[in-house]
Each structure stands twice: as C-alpha cells, then as structure tokens.
Amino acid sequence: MVLYTAERAWSHAMEKKTLPDGPNARQRGYLIGRLRKAVKWATLFQDLCSIKGDSRTSLEAEVC
C-alpha cells in the first residue's frame, strides 16, 4: 500500500507537469505538494523495507 501511494502521487505530479501549456502557478503549487507526498511515502517505504526485508530488498527500495 505504501509503494502504491508513493507511485500514485509521483504519477499524478508527472501528469500535471506534462500539460500542453505547462502548469500555471496554482497547478505548480499542487505539483510540488504531490511530489512532497511522493517523497514522504517513498521514504516510509524505504524504512519499512530496511526493517522487514532482506538486504537485497532494502537496496532495491533505496534505488527507488
């Protein structure tokens, strides 16, 4: 669930980033907020993998 949430937030930010005329000021703030959430969830995912997973899983989570 944590990985899914991180991917969803990142994907939504990238969708807004690729608008034909680019993001306006309000959309840019929203985009930055979504990227912050993606970082938060990805960091949580990395922490969970380092605690619960083996060394290979931990390294793969760190790459993401």
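This passage describes the helices of a predicted model and the contacts among them.

Helix α1, which runs over residues 2–17, contains 16 residues, and the distance from its first C-alpha to its last is 23 Å, close to the 22 Å expected at 1.5 Å a residue. Four residues of this helix, V2, A6, A9 and A13, are buried. They lie on the same side of α1, because the arc they cover around the axis is only 65°. An α-helix has 3.6 residues a turn, so residues three or four places apart point the same way. The buried residues of α1 pack against α2, whereas the face turned away from the buried side carries Y4, R8 and E15, which are exposed.

Two residues of α1 illustrate how this helix meets residues from elsewhere in the chain. V2, placed in helix α1, has a relative accessibility of 17% and therefore counts as buried, the cut-off being under 20%. When neighbours within four places in sequence are left aside, V2 is in contact with W41, L44, F45 and L48. With the last of these residues, L48, the separation along the chain is 46 residues, while the C-alpha atoms of V2 and L48 are 9.2 Å apart. W10 is likewise found in helix α1, but W10 is partly exposed, with a relative accessible area of 45%. Its contacts, again leaving aside neighbours within four places in sequence, are with L35 and A38. W10 and A38 stand 28 residues apart in sequence, and their C-alpha atoms are 5.4 Å apart in space. A38 is itself one of the buried residues of α2.

Helix α2 covers residues 25–52. Its 28 residues should span 40 Å at 1.5 Å a residue, and the end C-alpha atoms are 41 Å apart, in agreement with that expectation. The buried residues of α2 are L31, R34, A38 and C49, and what covers them includes both α1 and α3. Other positions in α2 are exposed. V39, which has its place in this helix, is exposed, with a relative accessible area of 53%; the C-alpha atoms of V39 and S58, 19 residues apart along the chain, are separated by 16 Å. I51, also placed in helix α2, is exposed as well, with a relative accessible area of 64%. Between I51 and D21 there are 43 Å in space, C-alpha to C-alpha, for a separation of 30 residues in sequence.

The arrangement of α2 and α3 can be considered next. Two packed helices are described by the angle between their axes and the distance between the axes. For helix α2 and helix α3, the latter formed by residues 55–63, the axes come within 8 Å and cross at roughly 170°. The two helices are therefore roughly antiparallel, since angles over 145 degrees are counted in that way. On the side of α2, the contact involves F45, Q46, C49 and S50, and these meet T57, S58, A61 and E62 in α3. The residues of this contact divide into 3 nonpolar, 4 polar and 1 charged. C49, which takes part in the contact with α3, is also among the buried residues of α2, and F45, another residue of that contact, is among those in contact with V2.

Methods
Residues are numbered from 1 along each chain as its sequence is written. This is a predicted model: local features need pLDDT of at least 70, side-chain atom pairs count only at pLDDT 80 or more; totals for chains, interfaces and linings use all residues. Side-chain values use heavy atoms; hydrogens and water are left out. Axes are lines fitted to C-alpha atoms, for helices over the stretch in contact, and angles run from 0 to 180 degrees between N-to-C directions. Angles under 35 degrees count as roughly parallel, over 145 as roughly antiparallel, 65 to 115 as roughly perpendicular and the rest as oblique. Contact means heavy atoms within 4.5 Å. Ala, Val, Leu, Ile, Met, Phe, Trp, Tyr, Cys and Pro count as nonpolar, Asp, Glu, Lys and Arg as charged, and the others, Gly among them, as polar. The expected span of a helix is 1.5 Å times one less than its number of residues. Buried means under 20% relative accessible area, exposed over 50%, partly exposed in between (1.4 Å probe, protein chains only). The arc is that of the directions from the helix axis to the C-beta atoms.
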